[in-house]
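The following paragraphs examine charged side chains and the principal pocket of a protein model. Please keep the sequence and the coordinates in view while reading.

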Amino acid sequence: MAYRFSPDDPSLQQALRRIADEELRAALAVLDDTRLPPQAVHDVRKRAKKLRGLLRLLQGSFPDHARENAALRDAGRLLALQRDAEVRLATFDRLFPGTPKALAPLRRLLVLDRDAPPAPSHQTEAAEILRAMHGRVHGWTLTGKDHRILAQGLARTRRRAAQAMEDAARSPGFDAIHDWRKRAKDFWYQTRLLAPIWPEAMVPLTKSAGDLTEALGVHHDIAVLHARLPPDLLSGRAEALFNRRARAAQQDIEARVFPEGSRLFAGDPGAMAKLWCRWWLLWRDQAASAPDSARSISATVSSTP
C-alpha cells in the first residue's frame, strides 16, 4: 500500500503502525542485498525520511518519538557517504556540462569519491537499526483523540515551515536554506499522507510542495559540492569560475522558491490545520458509510505520480 492514509485504517495509531511496517519492510529488503547501488541507497534514505515526516506529524502524542526519530536519523547518516558522493558529481555535471579544462581536477576528485568502495559495516549497522525498530512498530501507541493529534501536528508543521522560510528570506545562507528545506519536506510528506481526503485539492498541493523541496534540494546540493572543494586544488581563476557559476545557480533558485513558498504556506497554521482536519473527518465518515467509494478514491490517488 502507498505512503498515505487509507480508509481501511481504523485509527491514526493503526495507520502509523501500518505505514511504518510497510516502509521498514521495503527498506530492509533492499539492505539485505549485499550489492547496494547508489539508487538503492537513495531509496532506503527516502523511506527513512518519509517515516520521519510521519513521526513529526504525530510527535506530540507519540511517546516514543524521540527514540524512533533518532534511529531513523542514525540509519540515514550511515548510508549517506556514498549517496552524497554520487550527488556531488551529478551536481557538478549539471553546473558545468562538458567540464571546462580548468575544473578538470575537481571533477577527477569527485569521480574518485564516487568510486570509493562503501564501508560494508555501514550497511550492516543501518540494517540492524532499522530491524530493531521494525520489531517495535506494533507496540507503538498514540495518546489522545485522533482529530486533535492530527490538527496539532498539521498546525505545527505549517508554522515551522513558514517560520523557517522567513528566517531563510532574512538570511539566505546554507544553514537557513537547509533548515527550511527540512521543514518544507515535512509539509510535503504530510500532504502525501492526506492526499486521498480530497484529491482535487491535495494532489496539486502535493506537487507544488514536491517541486519546492526539489528546488531547495538542488540549492543544498550546490552548497555541499562547494564545501568539498579543497584549498589550492584549482587556480584562482578556475575557483572564481566555479564560485560564480555555483552562486548564480543558487540565486536563480532563491528567486523562484520564496514566492512559491509564500503561496504554499499562506494562511493561519491553526485555521488551515482545522480545515484539513475537517476534510479528513468527512473522508473518514464517507469511508464508514461507503467504503468501496473511499477505496476507489485512494486507489486513484495511489496511481497519481
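Glu23 and Lys50 are both buried in this predicted model. Their side chains form a salt bridge in which the closest N and O atoms are 3.4 Å apart. The pair connects distant parts of the chain, since Glu23 belongs to helix α1 and Lys50 to helix α2, with their positions 27 residues apart in numbering. Both residues also belong to a network of salt bridges that includes Asp43 and Arg47.

Side chains of opposite charge can pair when their charged atoms come close. Within helix α1 (residues 12–31), Asp21 and Arg25 are four residues apart, about one turn of the helix, and their side chains meet in a salt bridge with an N to O distance of 3.1 Å. Asp21 counts as buried because its relative accessible area is 13%, below the 20% limit.

Helix α8 holds a further pair, Asp186 and Arg183, three residues apart. Their salt bridge has an N to O distance of 3.2 Å. Asp186 is buried, at 5% relative accessible area, and Arg183 is buried as well, at 7%. Across the whole structure, 24 salt bridges are found.

The largest pocket encloses about 1400 Å³ of space. It is lined by 42 residues, and those closest to its centre are His42, Arg45, Lys49, Arg181 and Lys185. The lining comprises 24 charged, nine polar and nine nonpolar residues. Helices α2, α3, α4, α8 and α9 each supply at least two lining residues, and α2 gives the most, with 11.

Conventions. Residues numbered from 1 in each chain as written. Predicted model: local features only at pLDDT ≥ 70, side-chain atom pairs only at ≥ 80, totals over all residues. Heavy atoms only, no water. 1 Å grid on protein atoms, 1.4 Å probe; cavity = no way out; pocket = protein on both sides within 12 Å on 5 of 7 lines; lining within 4 Å. Points joined across faces, edges and corners; volume = space filled by probe spheres on them. Nonpolar A, V, L, I, M, F, W, Y, C, P; charged D, E, K, R; others polar. Salt bridge = Lys/Arg side-chain N within 4 Å of Asp/Glu carboxyl O. Buried < 20%, exposed > 50% of the residue type's maximum accessible area, 1.4 Å probe, protein only.
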